[in-house]
Amino acid sequence: LGIKKIHDKRIEKTNQIGMAIGLAWTPVGGDILNIETTVLQGKGELILTGHLGDVMKESARAALSYTKANMKKLGIKANAFDKRDIHIHVPEGAIKKDGPSAGVSIISSLVSAVTEKPVSRDIAMTGEITLRGNVLAIGGLKEKTLAAKRSGIKRVIVPKKNEADIQELPKEIKQSLEFILAEHVEDVIKHAIVR
């Protein structure tokens with residue numbers, strides 16, 4: 001994923017509809033990713049921008065498939081996708097981004113945009129998702145949580161399968177962040193979306 005100084009990143013001052021904060025690993029440490037989704041009139045297409053790699057594009061497609069297959073469970077109206085395009089964008093388009101761990105951020109941003117309910121601005125997240133909505137383990141937890149701490153994030157959603165890795169984190173990270181463990185997409189949505 002792209003290399004950029006953490007302090008250059010902007011954390012919104014208010015909860016935003018269609019915007020979630022993801023955590024990324026880079027060769028020089030952790031970083032945060034703002035993931036934006038908007039819904040517009042169209043033909044039912046998925047538009048992906050922001051210089052995304054193939055794996056991240058697959059995560060976006062999996063997020064959309066899961067969302068469409070579980071609309072009722074997620075509180076989405078039956079006609080929410082009729083004659084509408086979904087545009088998912090990860091800013092800083094000059095920097096290539098890839099990897100599966102943005103899945104939970106993408107689906108949070110997507111569900112937020114479709115339901116018109118904001119994502120909490122003080123929460124960041126990492127985790128791969130499956131078509132059944134399971135949240136899979138990720139790597140680079142130390143670097144990702146350091147990025148969250150430096151960015152002023154208060155809560156972090158991580159896969160339950162990474163629970164043992166939390167114990168290995170430095171004391172100052174464990175004391176400054178609230179960890180929310182997610183086994184399933186529903187765990188993520190419950191904490192990320194402001195009701």
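A cavity is a set of grid points where a 1.4 Å probe fits but cannot get out. In this predicted model, a search of the whole structure finds three cavities of 30 Å³ or more. The second largest has a volume of about 40 Å³. Its lining consists of Glu-12, Thr-14, Asn-15, Gln-16, Met-19, Ile-21, Val-119 and Arg-121. Three of these residues are nonpolar, three are polar and two are charged. Rolling a probe the size of a water molecule over the atoms shows where empty space is left.

Strand pairing was examined next. Strand E2 covers residues 19-26, and strand E3 covers residues 29-41. The two pair in the antiparallel sense, over eight bridges. One bridge sets Ala-24 against its partner in E3, Asp-31. A hairpin of two residues joins E2 to E3. E3 also pairs with strand E5, residues 84-89. This pairing is again antiparallel and runs over six bridges. Here Thr-38 stands opposite His-87 in E5. In a regular strand the side chains alternate between the two faces of the sheet.

Helix H1 spans residues 54-69. Its 16 residues, at 1.5 Å a residue, should span 22 Å. The C-alpha atoms at the two ends are 22 Å apart, so the expected and modelled spans agree. The buried residues of H1 are Met-56, Ser-59, Ala-60, Ala-62, Ala-63, Leu-64, Tyr-66 and Thr-67. An α-helix has 3.6 residues a turn, so residues three or four places apart point the same way. The buried residues of H1 pack against strands and helices alike. The strands are E3, E4 (46-49), E5 and E8 (128-129). The helices are H2 (103-115) and H6 (185-192). E3 thus recurs: this strand pairs with E2, pairs with E5 and packs against buried residues of H1.

The segment after H6 contains Ile-193. Is Ile-193 buried or exposed? Its relative accessible area is 4%. The cut-off for a buried residue is under 20%, so Ile-193 counts as buried. Its contacts, leaving aside residues up to four places away in sequence, are with Ser-108, Ser-112, Lys-117, Pro-118 and Val-119. Val-119 also lines the second largest cavity. Ile-193 and Thr-26 lie 167 residues apart in sequence. In space, their C-alpha atoms are 27 Å apart.

Key. Residues numbered from 1 in each chain as written. Predicted model: local features only at pLDDT ≥ 70, side-chain atom pairs only at ≥ 80, totals over all residues. Heavy atoms only, no water. Pairing = 2+ DSSP bridges. Helix = DSSP H or I, 4+ residues; strand = E, 2+ residues; numbered from the N terminus. Expected span 1.5 Å × (residues − 1). Buried < 20%, exposed > 50% of the residue type's maximum accessible area, 1.4 Å probe, protein only. Contact = heavy atoms within 4.5 Å. 1 Å grid on protein atoms, 1.4 Å probe; cavity = no way out; pocket = protein on both sides within 12 Å on 5 of 7 lines; lining within 4 Å. Points joined across faces, edges and corners; volume = space filled by probe spheres on them. Nonpolar A, V, L, I, M, F, W, Y, C, P; charged D, E, K, R; others polar.
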